[in-house]
Number of protein chains: 2
Amino acid sequence: MESAAPIIAFDAMGADKGPNEMVAGLALALKEFKLQAEILVVGHSEALSKELRAFGLLEHPRVRCIPAADIISMEDKPAQGLRKRDSSMMRSLDLIKEGKAQGVLSCGNTACLMAGGTIKLRPMPGLERPALATIWPSKDRHFVLLDAGANPETRPEHFLHNAILGKNYARIVLGIDTPRIGLLTIGTEEGKGTENILQAHEYIKSAGPVLNYQGLIEGFQVFSNTCDVIVCDGFTGNILLKVCQSLFGVLKDYLKEELNKNWMRKLGALLSYGAFRAMKKQLNPEHYGGAPLLGLNGYVFKAHGSSNRHHIANALVIAEKVIRCQTNHQIGVDLALLKGQGELAPLGSPPGKAL
Amino acid sequence: MESAAPIIAFDAMGADKGPNEMVAGLALALKEFKLQAEILVVGHSEALSKELRAFGLLEHPRVRCIPAADIISMEDKPAQGLRKRDSSMMRSLDLIKEGKAQGVLSCGNTACLMAGGTIKLRPMPGLERPALATIWPSKDRHFVLLDAGANPETRPEHFLHNAILGKNYARIVLGIDTPRIGLLTIGTEEGKGTENILQAHEYIKSAGPVLNYQGLIEGFQVFSNTCDVIVCDGFTGNILLKVCQSLFGVLKDYLKEELNKNWMRKLGALLSYGAFRAMKKQLNPEHYGGAPLLGLNGYVFKAHGSSNRHHIANALVIAEKVIRCQTNHQIGVDLALLKGQGELAPLGSPPGKAL
């Protein structure tokens with residue numbers, strides 16, 4: 001199900017590389033990635049006009065500038081960020097709240113985006129809070145892992161909610177009708193994990209046909225094409241994401257150094273260059289620039305602070321697709337189904353009673 | 001401080017590859033790695049005699065066979081394992097309890113080894129339970145990560161205990177006098193993580209000069225030589241270990257496939273073969289075969305069920321070194337120092353009161 005061209009608020013400030021790289025990413029998305037969305041570019045008018053002119057977007061029919069005087073820095077705590085009402089990030093979120101945009105893309109401070117998104121847009125009915133969903137590369141296909149860091153503390157029912165969110169995100173971005181869901185723990189046998197995880201396992205099982213649940217999975221299975229959606233808490237997910245990105249970097253750097261150690265290896269590397277390029281393209285965990293904060297009344301996308309123009313353009317394309325496919329509507333349908341089955345325990349109640 | 005040649009109970013059954021590979025590892029350790037320890041080989045007499053004869057160890061002056069009729073399987077639950085009193089694993093642990101050996105090496109069921117070790121040997125005074133410590137490779141040097149899976153549920157004081165255990169293990173296996181300790185969480189700023197982690201952070205800080213504490217670290221820093229000892233809970237540690245091993249495997253397989261796609265790449269791979277070999281040798285997370293269950297009254301070493309002879313020989317050499325250096329004595333000294341400072345909160349008390 002696809003709707004008309006979406007309107008995306010584009011927080012052009014607050015990224016490490018500044019508005020220049022942000023607008024470069026926008027230009028790339030519009031000109032080469034065929035982005036059809038209408039874009040509201042939010043930030044310092046003067047700086048943005050200059051950049052939009054430089055990239056030939058000042059007169060673009062689907063690009064408009066929305067002024068915002070303030071910037072939320074990476075050091076701002078959520079409370080400080082929320083007080084910066086005229087910041088590009090808060091103004092972008094306001095545009096959704098006011099019905100002037102359906103989504104926002106920001107490279108800024110994650111904690112502030114999370115706090116601002118949750119307070120201004122509120123979680124969808126039936127949910128308590130959003131989760132950050134990331135696309136991970138693997139050998140033959142990709143998978144979705146969430147929560148990648150929105151909430152370090154997680155209760156059992158949040159894992160069930162994350163499974164619903166991840167399922168609907170995977171349907172859109174991976175194009176899989178009934179994605180296989182796995183719950184990440186320390187072993188595949190029943191009873192492996194914390195109390196929290198084992199209760200979550202019962203919750204997710206109870207969702208019945210709403211979720212294509214494969215059960216508990218362990219670390220060895222993350223990259224082995226066992227599941228399309230891996231559900232975990234935000235503490236584990238955030239650490240995993242960062243550790244895998246840094247392991248990939250260490251391996252790449254080490255191999256590069258070793259390949260440069262003598263002329264024979266240098267020649268070898270030159271001849272097999274295509275293989276390295278393919279690996280970097282397929283398996284680099286940084287390939288996907290954007291991650292949505294799923295489960296809010298509105299679409300909030302976060303890209304890395306250090307994103308380059310390619311990451312930003314990618315993130316815009318994914319944001320457009322997720323909005324166009326009315327992902328939140330689908331999430332709402334699943335939540336209603338669960339509620340209809342009487343299988344979704346009321347938030348905070350002991351799982352034993354409700355199931 | 002080094003003592004006389006240690007006596008190690010060697011659980012020769014229960015590994016995936018059977019007693020043949022175990023005894024092959026022992027032979028490698030004795031003949032090529034210059035293992036000086038006395039080895040009590042525990043298991044089925046008949047099978048072991050055959051293997052020991054095959055590897056020329058039947059008459060070895062430092063090898064003795066201890067019969068045990070039963071085997072704990074990988075499927076046994078801890079309670080089942082504990083009931084198998086004449087199993088090679090339980091008999092090996094008994095040898096420590098009876099003062100006939102100082103340490104045990106087993107490739108068998110981790111949960112049973114952990115339960116048997118904890119019940120038969122008891123945690124050291126001042127500790128509540130053991131932690132599994134693993135050595136990880138990185139670009140320039142190695143680091144220790146613990147707990148890698150002994151206890152999925154962790155209270156704040158356990159992180160402090162893990163820091164003490166990890167420090168003393170790193171001193172022996174990495175040869176660093178005052179290893180840098182880091183507590184793994186989702187960001188480096190104060191306040192990043194769960195309640196549990198933030199309380200643990202206060203505990204570890206309170207250890208003062210006993211620990212060279214570097215503070216909170218995030219996933220990006222795991223491989224960046226920020227710390228020599230990374231402290232985490234057993235849930236996160238176990239998942240990380242398995243995910244990193246499988247990511248390494250996926251990258252290796254993918255690159256291999258790509259390098260075999262045409263003759264030019266094949267030639268290139270041949271010329272640069274040394275670089276791949278160096279990377280596999282330096283950075284393969286499976287390089288180290290054994291991981292000690294630290295903090296018990298006796299030395300318990302666990303090697304992968306799938307260990308080959310090289311892993312087993314490595315594990316024996318590390319076990320000998322750890323016992324020889326009286327690691328547990330050093331751990332006891334540190335625990336006494338903490339107690340003397342009055343900075344170790346009583347187990348289970350709210351940290352606010354004690355600090």
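Modeller: A crossing is right-handed if the near helix is turned clockwise from the far one by less than a right angle. Keep that in mind for this predicted model.

Colleague: In which hand does H10(A) pass H8(B), left or right?

Modeller: Start with the two axes, which come within 9 Å of each other. They cross at roughly 140°. H10(A) and H8(B) are therefore oblique to each other. The crossing of H10(A) past H8(B) is right-handed.

Colleague: Which residues in H8(B) does H10(A) meet?

Modeller: H10(A) brings Ala275(A), Ala278(A), Met279(A), Gln282(A) and Leu283(A). On the other side, H8(B) brings Leu251(B), Tyr254(B), Leu255(B), Glu258(B) and Leu259(B).

Colleague: How do the residues of the contact of H10(A) with H8(B) divide?

Modeller: Tyr counts as nonpolar here, along with Ala, Leu and Met. The split is eight nonpolar, one polar and one charged.

Colleague: Now the H9 pair. Is H9(A) roughly parallel or antiparallel to H9(B)?

Modeller: Helix H9 covers residues 263-271 in chain A and in chain B. The two axes lie 7 Å apart, at an angle of about 155°. An angle over 145 degrees counts as roughly antiparallel. So H9(A) runs, with respect to H9(B), roughly antiparallel.

Colleague: Which residues of H9(B) make the contact?

Modeller: From H9(A) come Met264(A), Arg265(A), Leu267(A), Gly268(A), Ala269(A), Leu270(A) and Leu271(A). Their partners in H9(B) are Met264(B), Arg265(B), Leu267(B), Gly268(B), Ala269(B), Leu270(B) and Leu271(B).

Colleague: How many residues of the contact of H9(A) with H9(B) are nonpolar?

Modeller: Two of the residues in this contact are polar and two are charged. The nonpolar ones number ten.

Colleague: Which element gives the most to the side of chain A that touches chain B?

Modeller: The whole contact takes 48 residues from chain A and 48 from chain B. In chain A, the elements giving two or more residues are H8 (234-259), H9 and H10 (273-283). With 18 residues, the top contributor is H8(A).

Colleague: What relation links chain A and chain B?

Modeller: Chain A can be laid on chain B by a turn of 180°. The shift along the axis is 0.0 Å, and the RMSD is 0.0 Å. That is why the relation is that of a two-fold axis.

Colleague: Which C-alpha in chain A is nearest the axis?

Modeller: Gly268(A) also appears in the H9 contact. The nearest C-alpha lies 1.8 Å from the axis, and belongs to Gly268(A).

Colleague: Away from the chain contact, take one loop residue. Is Asn109(A) buried or exposed?

Modeller: Asn109(A) sits in the loop between strand E4 (103-106) and helix H5 (110-121). Its contacts, beyond residues up to four places away in sequence, are Gly14(A), Ile72(A), Ser73(A), Met74(A), Asp76(A) and Gly81(A). A residue needs 20 or more C-beta neighbours within 10 Å to count as buried. Asn109(A) has 25 inside 10 Å, so Asn109(A) is buried.

Colleague: Last pair. How many residues of the contact of H1(B) with H11(B) are nonpolar?

Modeller: The axes of H1(B) (residues 18-31) and H11(B) (residues 309-324) come within 7 Å and cross at roughly 55°. That makes H1(B) oblique to H11(B). The contact includes Leu26(B) of H1(B) and Leu316(B) of H11(B). Two of its residues are polar and two charged, while the nonpolar ones number nine.

Terms used
Residues numbered from 1 in each chain as written. Chains lettered and ligands numbered in written order. Predicted model: local features only at pLDDT ≥ 70, side-chain atom pairs only at ≥ 80, totals over all residues. Axes fitted to C-alpha atoms, helices over the stretch in contact; angles between N-to-C directions. Helix = DSSP H or I, 4+ residues; strand = E, 2+ residues; numbered from the N terminus. Parallel < 35°, antiparallel > 145°, perpendicular 65-115°, else oblique. Contact = placed C-beta atoms within 7 Å. Least-squares fit on C-alpha atoms with pLDDT ≥ 70 in both. Buried ≥ 20, exposed ≤ 12 C-beta atoms within 10 Å, placed from the backbone.
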